Amino acid sequence: MVYAHRGASAAFAEHTRAAYLKAIADGADGVECDVHLTRDQHVVLLHDANLDRTSDGTGPVAEKTLEELRQLDFSSWKGARIPDQYGAKSDQLLTLPELLDILRDAGRAIGLAIELKHPSPYQLKLEDRVLELLSSEGWNAETSILDNIQVSFMSFSPDSVKHLLQFVPAEHICQLVDDVTVEEIRDELGLGVITGGAVANVMKAAQQEGERILDDCEVGLAGPGIDYVRKHARTVQRWLESGRRFRVWTVDSENDVALCQGLGIHEITTNKPAQVLAQL
């Protein structure tokens, strides 16, 4: 199965209405999204905790109201012209309920993979708010189905995963894992040696706990990055043999798609759903 990573995000700005409509048009089996809470507790689709990279705004998402976010431009940075049928520039920011409406209109069964982003200033209230919202929309917790949408949940945070397991069957929960190095953390977050090392140690501990969760078969879905798959072939094989369903991200190149096919990976998350579907 092919999941569109933040929508068809090679074509249009990630997480935008245009990206998701394009993913559906491309025939993606499902779509992936990242969620954060606004200051007034709306669930919005954004990857970063800060606005700087993907909008003309700045500062933490958690400190803005939904109305304040609506005033920002979340699509122009990509440099792709949005067709009229995909909405105006002001329509591109999406809340989770708005994405559900888009998926309901797909006219076919479709998957939705929701990644809970941590650390969050609202901590596990993020998970509670997402589950509350889904329930209000008619989501069935046992089957994790909402109308034509099969919902699954993902996080790098073991605390998030353990919290979700109290409410959602393990088969619908994905523990994300990736390699963490001090150098990458320092570079990515712009931190100094001491602070970067401390943050990396926390993240490394979370990674190890995530690997234990998968080793002990506490969740049904394993979510390693493609680099992790390459570096940890024996671990991946062990999880596959244990019956974990695999959702690998972010798989854009023909070689990586072929690697996943060869390993028997079940789900591929990609920025280029049309290209990957054509190859498959």
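Here are three short exercises on a predicted model, each with a worked solution.

**Exercise 1.** Work out which strands pair with strand 7 and in what sense.

*Solution.* Start on one side: strand 6 (residues 149-155) runs parallel to strand 7, and 3 bridges join the two. For a landmark, look at F153, whose bridge partner in strand 7 is I173. Now go to strand 8 (residues 221-224), which pairs with strand 7 over 4 bridges, again in the parallel sense. Here L176 stands opposite G223 of strand 8. Last, trace the link from strand 6 to strand 7: with helix 5 (residues 158-164), these two strands make a β-α-β unit, and its hand is right-handed.

**Exercise 2.** Decide why strand 7 counts as largely enclosed.

*Solution.* Take the cut-off first: a residue is buried when its relative accessible area is under 20%. Next, sort the side chains by direction: I173, Q175 and V177 point one way, while C174 and L176 point the other way. Both sets turn out to be buried. That makes 5 of the 5 residues in strand 7 (residues 173-177), so the rest of the structure largely encloses it.

**Exercise 3.** Check the span of helix 7 against the expected value, then see which of its residues are buried and what comes just after it.

*Solution.* Helix 7 (residues 193-215) has 23 residues, and at 1.5 Å a residue 33 Å is expected. From first C-alpha to last, helix 7 reaches 32 Å, which is close to that. Its buried residues include G196, G197, A200, Q207, G210 and L214. Residues three or four places apart in an α-helix point the same way, because there are 3.6 residues a turn. Just past the end of helix 7, C217 takes a positive phi of about 55 degrees.

Methods. Residues are numbered from 1 along each chain as its sequence is written. This is a predicted model: local features need pLDDT of at least 70, side-chain atom pairs count only at pLDDT 80 or more; totals for chains, interfaces and linings use all residues. Side-chain values use heavy atoms; hydrogens and water are left out. Buried means under 20% relative accessible area, exposed over 50%, partly exposed in between (1.4 Å probe, protein chains only). Two strands pair if DSSP finds at least two bridges between them. A crossover is right-handed if, with the strands pointing away from the viewer, the path from the first strand over the helix to the second runs clockwise. The expected span of a helix is 1.5 Å times one less than its number of residues.
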